Amino acid sequence: MKFGERLKQARIRADLTQEQVIRQIGVTRQSLSNWENDRTLPDLASVVKLSDLYQVSLDDLLREDMELRRQMEKQQERMKKLCSFLLSIAVLLIGSSILFRWLDNFSLGIVLWVL
């Protein structure tokens, strides 16, 4: 059984309408419909919310759907790389700011020493 089918069955077993689900997890009706019809896949945060809402384990929702697992793992890896990149940029900006202040103070000290 595909992910969308398991998702829809879990929603029905939880006795929830699509409208109730979209209000509780904060997505559009189109997104939920696309997930349930295997047109698109939800992000990891949405899968966790659905798992909690339907009171179904993540394993039960994701089992047998290797494509979804691969996509979610790729998404998680991309997020790790993005976070690492952003951290590197922040460190460079902070470091260069400190360096420029030091150089500014250093050059002022040299000018005063020469005078």
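**Exercise 1. In this predicted model, characterise the salt bridge in which the side chains of Glu36 and Arg11 meet.**

Solution.
1. Between the side chains of Glu36 and Arg11, the N to O distance of the salt bridge is 2.6 Å.
2. The pair connects distant parts of the chain, since Glu36 belongs to helix 3 and Arg11 to helix 1, with their positions 25 residues apart.
3. To classify the environment, apply the cut-off: a residue is buried when its relative accessible area is under 20%. Glu36 and Arg11 are both buried.

**Exercise 2. Determine which residues are linked with Glu19 in a network of salt bridges, and describe the exposure of each member.**

Solution.
1. Begin with the partner in helix 2. Glu19 forms a salt bridge with Arg23, and their closest N and O atoms are 3.6 Å apart. Both residues lie in helix 2, where a spacing of 4 residues corresponds to about one turn of the helix.
2. Continue with the partner outside helix 2. The side chain of Arg29 meets that of Glu19 in a salt bridge at 2.2 Å, N to O. This pair links distant parts of the chain, with Arg29 in helix 3 and Glu19 in helix 2, 10 residues apart.
3. Combine the two pairs: Glu19, Arg23 and Arg29 are linked in a network of salt bridges.
4. Assign the exposure classes. The exposed class requires a relative accessible area over 50%. Arg23, at 61%, is therefore exposed. Glu19 has a relative accessible area of 28% and is therefore partly exposed. Arg29, at 42% relative accessibility, likewise counts as partly exposed.
5. Complete the tally for the model: the count comes to 3 salt bridges.

**Exercise 3. Describe the surroundings of helix 3, residues 29–36.**

Solution.
1. Identify the buried positions: in helix 3 these are Leu32, Ser33, Asn34, Trp35 and Glu36.
2. Locate their packing partners. The buried residues of helix 3 pack against helix 1 (3–13), helix 2 (18–25) and helix 4 (44–54).
3. Inspect what comes after the helix. Asp38 follows helix 3 and has a positive phi, near 60°.

**Exercise 4. Establish which elements give two or more residues to the largest nonpolar core, and examine the contacts of Ile25.**

Solution.
1. Take the core as a whole: the largest nonpolar core contains 18 residues. The residues with the most contacts inside it are Leu7, Val21, Ile25, Trp35, Leu50, Tyr54 and Leu61.
2. Assign the contributions. Two or more residues of this core come from each of helix 1, helix 2, helix 3, helix 4 and helix 5 (58–62). Helix 4 supplies the largest share, 4 residues.
3. Examine Ile25. With its neighbours within four places in sequence set aside, Ile25 is in contact with Trp35, Lys49, Leu50 and Leu53.

**Exercise 5. Summarise the overall organisation of the protein.**

Solution.
1. Count the secondary structure elements: the protein has 6 helices and 0 strands. Along the sequence, the pattern reads α-α-α-α-α-α.
2. Consider burial: of the 115 residues in the protein, 26% are buried.
3. Consider the sequence range of contacts. Among contacts between residues at least 6 apart in sequence, 56% join residues at least 24 apart.
4. Consider the surface. The accessible surface of the protein comes to about 8500 Å², and 59% of that area belongs to carbon and sulfur atoms.

Technical notes
Residues numbered from 1 in each chain as written. Predicted model: local features only at pLDDT ≥ 70, side-chain atom pairs only at ≥ 80, totals over all residues. Heavy atoms only, no water. Buried < 20%, exposed > 50% of the residue type's maximum accessible area, 1.4 Å probe, protein only. Contact = heavy atoms within 4.5 Å. Salt bridge = Lys/Arg side-chain N within 4 Å of Asp/Glu carboxyl O. Core = buried A, V, L, I, M, F, W, Y, C linked by side-chain atoms within 4.5 Å. Areas by Shrake-Rupley, 256 points an atom, 1.4 Å probe, with all protein chains shown as cover.
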